[in-house]
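Let's work through a few exercises together, one step at a time. Keep the sequence and the 3D view open as you read.

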Amino acid sequence: MLSTVSIEAQNDSLQTKGIIDRCHLYGVGITNILDTYLSPENYTGIEVRFVGETTRTTQLANGKISQYQLSMGNISSMNYRDGNGSEIAGMYTYNIGWHYNWILCDGHLRLQAGGLLDFNIGFIYNTRNSNNPAQGKLYLNISPSLIASYKFRLWNRPFSVRYLLNIPIAGVMFSPNYGQSYYEIFSEGNYDHNVVPTTFICSPSLRNMLSIDFNIGHSTFRIGYMGDFQQSNVNNLKSHTWSHLFMIGFVKRFKILPAL
Amino acid sequence: MKRLFTLLFIVALTVVSFTSCVEEEQFSDTPEGNFEALWKIIDQHYCFFDYKKEVYGLDWDEVYAKYKPQINDNMNETQLFEVLGKMLGELRDGHVNLYSSYDLSRYWSWYEDYPSNFSDTLQRNYLGTDYRLASGIKYTILDDNIGYVYCGTFENDLGDSNLDQMLLYLAPCNGLIIDVRNNGGGKIVSAEKLASRFTDNKLLVGYMQHKTGTGHSDFSSMETQYLEPSDGIRWHKKVVVITNRKVFSSANEYVKYMRCCDNVTQIGDKSGGGAGFPYSSELPCGWSVRFSACQIFDKDKNSTEFGIEPDNNVSLSTTDFLRGKDTIIEFARKKLSE
């Protein structure tokens with residue numbers, strides 16, 4: 001059995017078991033992509049993104065540990081300079097992790113700190129290159145994660161401000177070597193440092209989101225800004241994807257009750 | 001204390017992540033900016049600097065010094081294209097091109113400076129009009145029971161069924177001529193597929209080497225290239241491969257593969273070469289540039305960038321031309337009849 005509650009009802013103690021917060025966001029924004037395997041030029045364009053986020057309380061540490069999952073997909077279309085060349089890029093991201101929760105300031109402030117497994121798969125396609133038309137993206141990171149949310153009332157209505165920050169510190173990444181072709185990797189089977197360990201030094205990346213929740217009727221809506229900065233410098237190939245997005249969606253809170 | 005340390009660590013990570021942009025130098029869209037961008041792309045990615053320094057003394061820094069004074073902000077687009085095209089011409093590489101919307105810079109001296117050794121007028125005397133045609137390959141049986149196959153491109157995907165049907169049709173022939181003259185290349189897998197019909201064993205046919213860094217000598221180890229025999233119909237009798245100077249890139253690779261097979265003779269002119277696997281990049285003004293990025297070698301680790309010498313160097317003769325005879329095909333027929 002499921003029940004839905006609004007922001008006001010979200011002041012429950014963290015120890016409440018079986019609570020699931022689910023959020024669906026849709027975003028549009030601008031992106032700036034560089035991948036020197038394809039081109040030395042920065043490509044800029046429009047990106048659309050979907051984010052599905054789920055947080056559920058667990059019985060670990062007396063209910064103070066929550067599980068976090070994120071499923072996110074985006075696609076973008078870009079040009080460079082005066083629109084001479086174009087690229088298309090897409091990425092799917094899945095995160096799973098756990099946060100330790102602190103409730104502070106009489107329940108107004110909730111701090112969550114923990115770690116995530118951050119899995120990403122995607123591509124960048126350059127529409128006019130010959131034997132290097134596309135670059136595959138595949139990487140797995142371990143990311144410390146912080147979430148801070150603060151509840152307050154304004155004009156006699158409940159609001160919640162939330163900030164999320166994920167920063168990968170280490171991981172592994174697939175990458176062709178500097179001048180290595182995909183033909184050589186997949187047709188000839190020539191491996192050359194194609195699975196590369198990464199750290200926050202060679203892959204300084206960051207994903208953060210600032211949002212505000214508000215109620216309209218019995219529904220909770222969320223609007224916010226997402227900044228997603230994925231970068232790497234491996235095998236002498238430089239890559240960055242800088243995305244700035246306006247996100248909008250809704251939040252639902254469920255409680256799974258035991259069947260009678 | 002532990003939590004404080006964790007918090008400080010995360011704050012430090014945030015600072016590092018916010019302040020460490022992974023960026024590439026962006027040149028301005030001016031004649032000078034485009035010149036610098038092109039010179040750098042080639043400097044960091046081109047794969048034949050060491051080899052060509054040895055063969056004809058190519059020095060990319062000298063090329064910079066030679067062409068940089070020709071660049072100024074008053075030059076128009078056409079003048080810039082001409083200077084950049086000439087600079088790329090110093091590489092003497094058919095895989096190096098600059099593409100604008102109105103022109104293509106190229107170095108084609110590897111065949112333009114030599115006799116073509118191919119005439120489609122003469123070829124028509126052998127193929128006739130009732131030849132078979134599969135996946136772009138023309139084939140027929142000549143009146144001395146020699147099979148004649150003309151493969152003018154590897155741009156097409158060659159199907160197993162196409163090749164099975166072709167070899168089945170030619171099976172009664174005493175020998176086979178595979179004419180790849182004027183074949184400027186295409187898909188390397190098509191070249192492999194056709195060559196795989198001429199060996200029963202897995203053959204070492206060459207080596208590949210890619211760049212691992214921006215330095216002129218930053219290369220991976222030489223990785224072996226093998227030719228696997230096809231599971232379909234394979235040819236076991238004598239074969240002559242006919243080449244001319246316009247045989248380039250994947251077609252040059254095909255000749256390299258065939259020379260590793262038994263019962264194969266190469267006749268005609270030296271092939272054109274093109275042993276670099278081409279990549280693309282682009283300039284601030286929107287022009288696209290293609291260049292050789294990976295080196296390919298033959299089974300003895302020699303570069304085939306400047307072509308493969310035939311076993312028998314034969315050219316079209318004027319006398320034969322007037323008689324409607326293709327000297328090279330006639331030589332091949334004689335060779336197969338021996």
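**Exercise 1. Find what B:Phe198 touches beyond its neighbours within four places in sequence.**

Step 1. Contact means heavy atoms within 4.5 Å.
Step 2. With those sequence neighbours left aside, B:Phe198 is in contact with B:Leu176, B:Ile178, B:Trp235, B:Val239, B:Tyr254, B:Met258 and B:Cys261.
Step 3. Now look at the largest nonpolar core, which has 89 residues. A nonpolar core is a set of buried Ala, Val, Leu, Ile, Met, Phe, Trp, Tyr and Cys residues joined through side-chain atoms within 4.5 Å. Buried means under 20% relative accessible area, exposed over 50%, and partly exposed in between (1.4 Å probe, protein chains only).
Step 4. B:Phe198, B:Ile42 and B:Tyr254 have the most contacts inside this core. A second, separate core has 16 residues, including B:Phe118 and B:Ile267.

A note before going on: this is a predicted model, in which local features need pLDDT of at least 70 and side-chain atom pairs count only at pLDDT 80 or more, while totals for chains, interfaces and linings use all residues. Residues are numbered from 1 along each chain as its sequence is written, chains are lettered from A and ligands numbered from 1 in the order in which they are written, and side-chain values use heavy atoms, with hydrogens and water left out.

**Exercise 2. Decide whether B:Ser196 is buried or exposed, and place it in the chain.**

Step 1. Find the loop between H9 and S7 of chain B; B:Ser196 is there. Helices (H or I, at least four residues) and strands (E, at least two) are DSSP runs, numbered from the N terminus.
Step 2. B:Ser196 has 9% relative accessibility, so it counts as buried.
Step 3. Not counting neighbours within four places in sequence, its contacts are B:Leu227, B:Glu228, B:Pro229, B:Ser230 and B:Arg234.

**Exercise 3. Do the same for B:Ser220 and B:Glu309.**

Step 1. B:Ser220 sits in the loop between strand S7 (203–210) and strand S8 (223–227) of chain B. Its relative accessibility is 8%, so B:Ser220 counts as buried.
Step 2. Beyond residues up to four places away in sequence, B:Ser220 touches A:Asp192, B:Gln209, B:His210 and B:Thr212.
Step 3. B:Glu309 lies in the loop between S12 and strand S13 (312–313) of chain B. B:Glu309 counts as partly exposed because its relative accessibility is 46%.
Step 4. Leaving aside neighbours within four places in sequence, B:Glu309 is in contact with B:Arg259, B:Gln266 and B:Lys270. From B:Glu309 to B:Gly268 is 41 residues in sequence and 9.1 Å in space, C-alpha to C-alpha.

**Exercise 4. Describe how chain A and chain B meet.**

Step 1. Count the partners: 48 residues of chain A are in contact with 49 residues of chain B.
Step 2. Together the two chains bury about 4,000 Å², with 54% of it on carbon and sulfur atoms. Buried area is the accessible area (1.4 Å probe) that two parts lose on being put together, summed over both.
Step 3. Of the area that chain A buries against chain B, 17% is supplied by A:Arg81, A:Tyr178 and A:Tyr183, more than by any other three residues.

**Exercise 5. Summarise chain A by its elements and its buried residues.**

Step 1. Chain A has one helix and twelve strands.
Step 2. From the N terminus on, the order is β-β-β-β-β-β-β-β-α-β-β-β-β.
Step 3. Of the 260 residues in chain A, 53% are buried.
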